[in-house]
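Let's take a friendly walk through a protein model, looking at how its helices and rings sit together. Have the picture ready, and find each residue as we come to it.

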Amino acid sequence: MGTGDGTNARNGTNAGNGTGAALRVGNASGFYGDRFSAWQEMLDGGDLDVLTGDYLAELTLLILGRDRMRDPDLGYARTFLRQLEGTLGTARERGVRIVTNAGGLNPAGLAAAVRSLAERLGLDLKVGYVEGDSLPRPDALTANAYLGAFGIAAVLDAGTDVVVTGRVTDASLVVGPAIARFGWGRDNLDALAGATVAGHLLECGAQVTGGNFSFFTELPDGGHRPGFPLAELHADGSSVLTKHPGTGGAVTVETVTAQLLYEVGAPAYLGPDVVTQLDSVRLDPDGPDRVRVSGVRGTPPPETLKVGVNNLGGFRNSMTFVLCGLDIPAKAALVRGQLAETVGKEGLEFVLARTDHPDASETEPASALLHVHLRDGDKARAGRAFSAAAVELALASYPGCTLTTPPGDATPYGVFTADTVAQDAVEHVAVLPDGTRVPISPPPRTQPAPVGTLVSSAGRTADPAGAPVSGPGRAAYPTRRRPLGELVGARSGDKGGDANLGVWARTDATWAWLRGWLTVARLAELLPETAPLTVQRYELPDLRAVNFMIRGLLGAGVAATTRFDPQAKALGELLRSRVVEVPAELTPEAAA
């Protein structure tokens, strides 16, 4: 897949030093627990050069850290080994190389396990790995820098069949093979940025082929079983997103737009090898289930690497009370008072979900749910002392008292924080199949990370002036009340304790309205939980999209939050469900 001896050999400025043929890179895993059969499906479904698997969400490293506490030989995604057992021979036979971050906290351990598996299967395979992301932090359970793609490329240059990494950026799993194929150097910033976009589109598996898609009912199979994606990468960094023939879902400009907006912040998308300018991305149809990605611009990477830090925050427990019929607020208040008196107020959190309907004829639609959470450093207090106290109210509280949860012990929870470290402070190393260790130099040219414009939800400074679709200036125009989701799609997700919410318009006319209408202040009206938080708003006009970064919505991160939607995955659909005044000319009736 190319030649060279690591990043030091790649400081030229001419992209395309390798073969001009497109590089076909597929994805078979978007998270630890994704579709088990995807590896076999991707290998059997059509031609590939490289098959990647992403296993490392921020929460995953906490899980792997706890595994390693029990057994120092663990710390990697064991599911990957089971998936590989039935597919490694197929990959070898078809010449498909495998790149995965399933190594987690122990890439050397997983690489050794893959070698043992290959020997047991009678396969002659070269296995290498990348290390250096794990940082010494005595005060942390895990601390991992997000490495770039040049270590992966160096391992592939040695003729490696399977490359295992720890915490590299998700997109690096795709960028690394592209560097190895096309011979890009550190200065090929546009090409690196283009491959980064392709990697970001592939990293979450079926999300780019119709999974979790706002308009899933329009997909050919109704979103029943979307196939996993692949990208055809070219020497200039452009790519075509597609999928194997005959698989479910679809690849359209909108499914690609949805994934492009997922878990991103400012248009200047920071990475260890390049800053990718997302507002330069151009998406064009390229035939059935094919979308061309081009025009991507890149600038020098930041001086620092992101570091994900996980710590154990204490212990947590939850109990849920069913409140049926009348006097719901008073019933909830009684439980709050009783539990606070029994176990103490500290660490208690009460969330009343008004799922009840008036004059309902059955118990479930007549009931609200009171979720009670307790977090504490004392496992005993958060455990049976709390859950037993809740159960003891069964005959001594509000009328109709019942719970959906049995008494149980507390479980540990983690706290995720993001830090930075200087690029040259990390020992990024490619370990080749013969054991040779190749140091990967940091990028020779960096620049300070760009800073986005901050606006509070009470402010107006970053809200565009905008204009209604019809009528001069801001003159009144006819409107109808409709769910916002009739006109726009959305995709949302978690970034540590923050959440991102991307919203795209389906037509140019809707974008002309949405751009001026969906301000930070408007978002606070539609989603009141964002009102007290700091919100950043960014526009991506070529995608007809706006993206919001909502700071602190998830508190101390996915593992610690007690929010009903802990990863903010449903936030976009909540926004789309809000009924608002929209220009009458944009409604489906007008289009008909």
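## Helices and rings in contact

The buried residues of helix α3 pack against α1, α4 (88–94), β3 (97–100) and α5 (107–120). Helix α3 itself covers residues 78–85, and its buried residues are Thr79, Phe80, Leu81, Gln83 and Leu84. Keep in mind as you read that this is a predicted model.

Phe80 is worth a second look. Together with Tyr32, Trp39 and Tyr55, Phe80 forms one aromatic cluster.

### Aromatic pairs

A pair of aromatic rings is described by the distance of the centres and the angle of the planes. The model has eight aromatic pairs. Here are two of them, both edge-to-face:

| Pair | Centre to centre | Angle between planes | Type |
|---|---|---|---|
| Tyr32 and Tyr55 | 6.4 Å | 70° | edge-to-face |
| Phe215 and Trp504 | 6.2 Å | 80° | edge-to-face |

Why is the pair of Phe215 and Trp504 called edge-to-face? Its planes stand at 80°, and planes over 60 degrees apart count as edge-to-face.

Where in the chain do these rings come from? Tyr32 belongs to the loop between β1 (23–27) and α1 (38–45), while Tyr55 belongs to the loop between β2 (50–53) and α2 (58–70); the two are 23 residues apart, and their pair links distant parts of the chain. Phe215 and Trp504 also link distant parts of the chain, being 289 residues apart: Phe215 is in the loop between α8 (189–202) and β7 (229–233), and Trp504 is in strand β24 (residues 498–505).

Are these residues buried or exposed? Tyr32 has a relative accessible area of 22%, so Tyr32 is partly exposed. Tyr55 has a relative accessibility of 1% and therefore counts as buried. Phe215 and Trp504 are both buried.

### Charges over rings

Phe215 has another partner: Arg506 lies over the face of its ring, at 3.5 Å from the ring centre. Elsewhere, the charged end of Lys306 sits over the ring of Tyr146, and the distance to the centre of that ring is 4.8 Å.

### Two helix crossings

Now find helix α6 (residues 150–157) and helix α7 (residues 172–182). Their axes come within 7 Å and cross at roughly 50°, which means that α6 is oblique to α7. The contact involves Phe150, Ile152, Ala153, Leu156 and Asp157 on the α6 side, and Ser172, Leu173, Gly176, Pro177, Ile179 and Ala180 on the α7 side. This crossing of α6 and α7 is right-handed.

The second crossing brings together helix α10 (residues 328–343) and helix α12 (residues 384–391), with axes that come within 10 Å and cross at roughly 140°. These helices, α10 and α12, are therefore oblique to each other. From α10, the contact uses Leu339, Thr342 and Val343; from α12, it uses Ala385, Phe386, Ala389 and Ala390. Here too, α10 passes α12 in a right-handed crossing.

### A glycine in the loop

Finally, look for Gly344, in the loop between α10 and β15 (348–353). With a relative accessible area of 25%, Gly344 is partly exposed. Apart from neighbours within four places in sequence, Gly344 is in contact with Leu339 and Arg381. The C-alpha atoms of Gly344 and Phe386 are separated by 9.6 Å, although these residues are 42 residues apart along the chain.

Technical notes:
Residues numbered from 1 in each chain as written. Predicted model: local features only at pLDDT ≥ 70, side-chain atom pairs only at ≥ 80, totals over all residues. Heavy atoms only, no water. Phe/Tyr/Trp six-rings, centres within 6.5 Å; stacked < 30°, edge-to-face > 60°. Helix = DSSP H or I, 4+ residues; strand = E, 2+ residues; numbered from the N terminus. Buried < 20%, exposed > 50% of the residue type's maximum accessible area, 1.4 Å probe, protein only. Lys NZ or Arg CZ within 6 Å of the ring centre and 35° of its normal. Axes fitted to C-alpha atoms, helices over the stretch in contact; angles between N-to-C directions. Parallel < 35°, antiparallel > 145°, perpendicular 65-115°, else oblique. Left-handed = near helix turned anticlockwise from the far one by under 90°. Contact = heavy atoms within 4.5 Å.
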